Amino acid sequence: MSKVLIIAGSESDKEFVKQALNLFDEWNVEYEFRIFSAHRNLLELTEYMKNLSSEFKVVIAVAGLAAALPGVVASLTSLPVIGVPRDVGPLNGIDALLSIVQMPKGVPVGTMGIGNHGMKNAAYFAKRILDLEGK
Ligand SMILES: Nc1c(C(=O)O)ncn1[C@@H]1O[C@H](COP(=O)(O)O)[C@@H](O)[C@H]1O
């Protein structure tokens with residue numbers, strides 16, 4: 001069974017991420033949800049990504065503020081990575097968006113919009129990627 005991996009930067013992102021998890025539950029899409037911060041737990045994140053199961057076909061990486069996480073995840077896998085900028089902090093997600101969207105060449109992150117719509121669209125986009133397998 002193909003699965004989606006969702007990684008968020010903090011426990012404080014959990015409720016936000018739930019919007020995507022609810023959609024996956026509704027669609028019977030399998031997923032794993034993990035919390036890792038590139039800033040705070042880089043070594044653990046790297047170790048986890050090194051041993052990733054081949055069941056995963058796409059990764060969603062969610063972070064607010066200075067959002068290094070999606071780019072770092074994209075540097076550690078050849079799977080498609082969808083980045084979601086969370087609308088937190090004094091800049092309301094503009095900081096996270098700019099951290100995610102301008103990746104150096106060769107390390108792409110498919111960047112969604114800021115906030116709730118971006119989180120839900122990440123689920124829709126991941127589902128489209130999984131659906132390619134049956135086509
Ligand atoms: N942007 C990052 C990264 C990272 O990019 O590695 N790690 C945590 N964070 C973000 O910091 C915000 C506040 O986190 P805390 O509530 O833990 O202080 C969260 O939205 C998280 O995604």
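**Exercise 1. Place Ile60 in the fold and decide whether Ile60 is buried or exposed.**

Solution. Ile60 belongs to strand E3, which covers residues 56-63. The structure is a predicted model, and the steps below work from its coordinates.

Step 1: count neighbours. Ile60 has 28 C-beta neighbours inside 10 Å. A residue is buried from 20 such atoms upward, so Ile60 counts as buried.

Step 2: list the contacts. Leaving out residues up to four places away in sequence, Ile60 touches Val4, Ile6, Ala20, Ile82, Val84, Ala122 and Ala126.

Step 3: check one distance. Val81 is 21 residues away from Ile60 in sequence, and their C-alpha atoms are 5.8 Å apart in space.

**Exercise 2. Describe the largest nonpolar core: which residues touch the most other members, and which element gives the largest share?**

Solution. Step 1: the core holds 37 residues, and those touching the most other members are Ile6, Ile7, Ile60, Ala61, Val62, Val73 and Ala122.

Step 2: two or more residues of this core come from each of E1, H1, E3, helix H3 (69-75), strand E4 (81-85), helix H4 (94-101) and helix H5 (116-132).

Step 3: E3 gives the largest share, with 6 residues.

Step 4: take Ala61 as an example. Apart from residues up to four places away in sequence, Ala61 touches Ile7, Leu69, Pro70, Val73, Val81 and Gly83.

**Exercise 3. Follow Leu69 from its element to its contacts.**

Solution. Step 1: Leu69 is located in helix H3.

Step 2: Leu69 is buried, because 31 C-beta neighbours lie inside 10 Å.

Step 3: beyond four places in sequence, the contacts of Leu69 are Ile7, Gly9, Ser37, Ala38, Ala61 and Ala63.

Step 4: for a distance along and across the chain, use Phe36. Leu69 and Phe36 are 33 residues apart along the chain, with 8.2 Å between their C-alpha atoms.

**Exercise 4. Characterise the surroundings of the ligand, then compare two annotated positions, Asp13 and Arg40, by burial.**

Solution. Step 1: there are 18 residues around the ligand, and Gly9, Ser10, Ser12, Ser37 and Gly64 come nearest.

Step 2: by type, this shell has 9 nonpolar, 6 polar and 3 charged residues.

Step 3: turn to the record. An unreviewed UniProt entry places the feature "binding site" at Ser10, Asp13 and Arg40.

Step 4: Asp13 sits in the loop between strand E1 (3-8) and helix H1 (14-27). With 22 other C-beta atoms within 10 Å, Asp13 is buried. Among residues more than four places away in sequence, Asp13 touches Ala8, Val62, Gly64 and Arg86.

Step 5: Arg40 is found in the loop between strand E2 (30-35) and helix H2 (42-50). Arg40 has 12 other C-beta atoms within 10 Å. The exposed class takes in counts of 12 or fewer, so Arg40 is exposed.

**Exercise 5. Examine the backbone angle phi at Asn28 and Leu65, and state where each residue lies.**

Solution. Step 1: recall the background. Most residues other than glycine have a negative phi.

Step 2: Asn28 is not a glycine, yet its phi is positive, at about 55 degrees. Asn28 is part of the loop between H1 and E2. Asn28 counts as exposed, because it has 7 C-beta neighbours inside 10 Å.

Step 3: Leu65, also not a glycine, has a positive phi of about 60 degrees. Leu65 occupies the loop between E3 and H3. With 18 other C-beta atoms within 10 Å, Leu65 is partly exposed.

**Exercise 6. Summarise the protein chain: what is its pattern of elements, and what radius of gyration does it have?**

Solution. Step 1: the protein chain has 5 helices and 5 strands. Along the sequence they follow the pattern β-α-β-α-β-α-β-α-β-α.

Step 2: for 135 residues, a compact globule would have a radius of gyration near 14 Å, and the protein chain agrees with this because its value is 14 Å.

Step 3: the C-alpha trace spans about 40 × 30 × 30 Å along its principal axes.

Step 4: of the 135 residues, 38% count as buried.

Step 5: consider contacts between residues at least 6 apart in sequence. Of these, 68% join residues at least 24 apart.

Note on methods
Residues numbered from 1 in each chain as written. Predicted model: local features only at pLDDT ≥ 70, side-chain atom pairs only at ≥ 80, totals over all residues. Near = placed C-beta within 6 Å. Nonpolar A, V, L, I, M, F, W, Y, C, P; charged D, E, K, R; others polar. Helix = DSSP H or I, 4+ residues; strand = E, 2+ residues; numbered from the N terminus. Contact = placed C-beta atoms within 7 Å. UniProt positions renumbered as here; feature names shortened; annotations may be inferred. Core = buried A, V, L, I, M, F, W, Y, C linked by C-beta atoms within 7 Å. Rg over C-alpha atoms; globule rule 2.2 N^0.38 Å.
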